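Please read the following note with the sequence and the model side by side. The points are numbered so that each can be checked in turn.

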Amino acid sequence: MKKNKQSRQKKASQQENLTLKDALNSDILEQLKEKQKQLQKEELKRKEEEEEKKREERRQREKNKSFEELLGESNLNWKDYK
């Protein structure tokens, strides 16, 4: 009787110690890892494209500013040159 309880407890503790890696087939695990790498690459590419788009928008805004806007943003004190 006592032996049966101990063996049941050992089996239960072994099942608790199993990880997802142990439970999954190695092929499935490799597929999941590959998918994770692919998603990380896609996320990095998306962020880079977004940054490039923002830089281009800033460049276009700067290019399209009027003389008045550029003069207003200037730090020079024009009274010193009169």
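**Notes on salt bridges, fold and confidence**

1. Lys65 is a good residue to begin with: its relative accessible area is 24%, and Lys65 therefore counts as partly exposed, since the buried class is kept for values under 20%. The partner of Lys65 is Glu73, and in this salt bridge the closest N and O atoms are 2.6 Å apart. Glu73 is likewise partly exposed, with a relative accessible area of 47%.

2. Salt bridges that share partners also link Glu43, Arg46, Glu50 and Lys54 into one network. Within this network, the side chains of Arg46 and Glu43 meet in a salt bridge, with 2.6 Å from N to O. Both residues belong to helix α3, which covers residues 26-63, and because they are three residues apart there, about one helical turn separates Arg46 from Glu43.

3. Arg46 has a salt bridge with Glu50 as well, and here the closest N and O atoms are 3.2 Å apart. Arg46 and Glu50 both lie in helix α3, where they are four residues apart, about one turn of the helix.

4. How accessible are the residues around Arg46, and to which class does Arg46 belong? Arg46 has a relative accessibility of 40% and so counts as partly exposed. Glu43, at a relative accessible area of 34%, is partly exposed, and Glu50, at 36%, is partly exposed too.

5. Turning to the whole structure, a search finds seven salt bridges, and those described above are among them. The protein contains four helices and zero strands, which gives the pattern α-α-α-α when the sequence is read along its length.

6. Of the 82 residues of the protein, 1% count as buried. The protein exposes about 8700 Å², and carbon and sulfur atoms supply 50% of that area.

7. A word of care is needed about confidence, as this is a predicted model. The average pLDDT of the protein is 79, and 68% of the residues score at least 70. Which element has the lowest mean pLDDT, and which the highest? Among the elements of the protein, helix α1 (residues 2-17) has the lowest mean, 59, whereas α3 has the highest, 93. Where pLDDT is low, the predicted coordinates should not be read in detail. The salt bridges from Arg46 to Glu43 and to Glu50 lie within helix α3, the element with the highest mean pLDDT.

Note on methods:
Residues numbered from 1 in each chain as written. Predicted model: local features only at pLDDT ≥ 70, side-chain atom pairs only at ≥ 80, totals over all residues. Heavy atoms only, no water. Helix = DSSP H or I, 4+ residues; strand = E, 2+ residues; numbered from the N terminus. Buried < 20%, exposed > 50% of the residue type's maximum accessible area, 1.4 Å probe, protein only. Areas by Shrake-Rupley, 256 points an atom, 1.4 Å probe, with all protein chains shown as cover. Salt bridge = Lys/Arg side-chain N within 4 Å of Asp/Glu carboxyl O. pLDDT = per-residue confidence, 0-100.
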